[in-house]
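Me: I would like to learn how to read a model like this one. Take me through it feature by feature, please.

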Amino acid sequence: MRVVLLAMLGSCLVQPVQAAESWLQRLTQAEHQSFQGTFIYERNGSFSTHAVWHKGGDETISERLLQLDGPAQEVLRVDGRPQCMTDALAGQAVEAQWPARELNAAQLQQHYDLRVLGSSRVAGRSATVLALIPRDRHRYAFELHLDDETALPLKSLLINEKGQLLERFQFISLASFENEDALQPSAACKPVSFDKSPDGLSQSWQAGWVPPGFELTQALERTSPLSAEPVAYLLYGDGLARFSIFLEPLRGAAAEDARSQFGPTAVVSRRMSTAEGDVMVTVVGEIPLGTAERVALSMQGGDTKSAQ
């Protein structure tokens with residue numbers, strides 16, 4: 001698989017791995033800069049346009065995202081955690097870009113081949129193309145076009161094992177951050193709260209199997225905006241890819257097992273029985289569907305079994 005992907009990503013231009021590590025280190029520090037811009041997002045052949053205002057710093061990083069076409073979706077994050085969302089986003093379990101990725105070159109090299117493929121031009125700016133090719137079938141390849149001046153990702157492509165594009169993120173304009181008031185959310189942005197709960201669902205359940213390199217990064221709980229039930233989130237990542245496991249008591253509600261793929265995002269739901277009642281286990285993330293299914297099937301809690 002790596003040979004095929006390298007060929008499709010332009011392996012004839014590959015530079016030494018040390019160059020890739022250097023760019024990865026620069027990317028790690030890029031979010032501490034301040035900027036604003038407009039980008040397009042593509043998945044499943046559909047496009048949307050978004051504005052972003054990002055204020056970096058050594059202590060606190062604030063970022064506001066606003067969708068410019070279609071529904072007026074908005075999210076404000078501080079240090080990677082959502083502070084408020086519009087209703088359409090608040091109904092979702094976890095906003096797509098949270099938690100923020102903390103890239104580590106040494107860790108990533110255990111599960112990805114790092115390569116600098118060459119140069120490109122995005123949003124009128126010169127960029128260097130960095131590829132991360134997975135070493136196994138449990139994650140996707142990334143192609144990052146990093147701004148030569150700031151190392152910010154001007155374009156990001158997520159590519160499957162067949163070389164097919166799953167997701168595109170691409171700036172069409174990028175400028176210096178200018179207006180502090182632009183970080184103020186609108187009235188439609190509703191507060192979001194997450195609680196770390198040592199005694200809740202997140203502590204009584206665990207995944208019996210996760211792909212090599214994926215580690216539990218956070219265990220949180222939040223009241224569902226749909227059912228008012230506590231929903232636990234187990235967040236896993238390998239330093240680049242990530243997925244979440246959601247656990248929600250059903251309290252007699254009708255629910256069936258399901259599996260689907262939306263661009264890069266796999267969604268697998270599995271109803272499980274426990275001594276305290278049925279729980280819906282849902283795995284959501286930017287991992288292959290077969291991998292998400294294996295994680296869901298491995299879930300273990302007190303006296304659990306698959307509900308028939």
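**Reading the model**

Reply: Start with one residue. Ala123 counts as partly exposed because its relative accessibility is 30%. Ala123 sits in the loop between E6 and E7. Keep in mind that this is a predicted model.

Me: What is the sign of phi at Ala123?

Reply: Positive, at about 55°, although Ala123 is not a glycine.

Me: Which residue in the loop between E8 and E9 can I set beside that one?

Reply: Look at Ala151, which lies in that loop. Its phi is also positive, near 70°, and Ala151 is a residue other than glycine.

Me: Is Ala151 buried or exposed?

Reply: The cut-off for buried is under 20% relative accessible area. Ala151 has 0% relative accessibility, so it counts as buried.

Me: Now confidence. How do I read pLDDT in the protein chain?

Reply: Take the average, then look at the extremes. The protein chain averages a pLDDT of 85, and 83% of the residues score at least 70. Confidence is lowest in helix H1 (residues 2-8), with a mean of 51. It is highest in E8, at 97.

Me: Over which residues is the pLDDT below 50?

Reply: Residues 91-100. In the model this stretch has 32 contacts beyond near neighbours in sequence. Where pLDDT is low, the predicted coordinates should not be read in detail.

Me: How do I read the sheet? What is the strand order?

Reply: Walk from one edge to the other. The sheet is open, with 11 strands and antiparallel pairing. The order is E6-E7-E8-E9-E10-E1-E2-E3-E4-E5-E11. The edges are strand E6 (112-122) and strand E11 (190-191), each pairing on one side only.

Me: How many bridges join the pairs inside the sheet, such as E1 and E10?

Reply: Strand E1 (residues 35-43) and strand E10 (residues 165-175) are antiparallel, with 8 bridges. Gln36 faces Ala175 in E10. Strand E2 (residues 46-55) pairs with strand E3 (residues 62-67) in the antiparallel sense over 6 bridges. There, Trp53 has Arg64 in E3 as its bridge partner.

Me: And what joins E9 to E10?

Reply: 5 bridges, with the two strands running antiparallel. Leu158 stands opposite Glu167 in E10. E9 and E10 form a hairpin with 5 residues between them. In the turn, Gly163 has a positive phi of about 80°.

Me: Which side-chain contact does Asn160 make?

Reply: Its side chain makes a polar contact with the side chain of Gln164, at 2.8 Å. Asn160 is in the loop between E9 and E10. With a relative accessible area of 8%, Asn160 is buried.

Me: Which strands does helix H2 lie across?

Reply: Read off the strands, then the angle. Helix H2 (residues 17-30) lies across E6, strand E7 (125-134), strand E8 (141-147) and strand E9 (153-159). The helix runs at about 70° to E6.

Me: Last topic: disulfides. How many does a search of the whole structure find?

Reply: 1 disulfide. Cys84 is joined to Cys189, with an S to S distance of 2.1 Å. The link is right-handed, with 95° about the S-S bond. It ties together distant parts of the chain, 105 residues apart. Cys84 is in strand E5 (residues 81-85), and Cys189 is in the loop between E10 and E11.

Me: Are these two cysteines buried or exposed?

Reply: Cys84 is buried, at 4% relative accessible area. Cys189 is buried too, at 8%.

Conventions
Residues numbered from 1 in each chain as written. Heavy atoms only, no water. Pairing = 2+ DSSP bridges. Helix = DSSP H or I, 4+ residues; strand = E, 2+ residues; numbered from the N terminus. Contact = heavy atoms within 4.5 Å. Axes fitted to C-alpha atoms, helices over the stretch in contact; angles between N-to-C directions. pLDDT = per-residue confidence, 0-100. Buried < 20%, exposed > 50% of the residue type's maximum accessible area, 1.4 Å probe, protein only. Polar contact = N/O pair within 3.5 Å; in protein donor to acceptor, adjacent residues only side chain to side chain. Disulfide = S-S within 2.5 Å.
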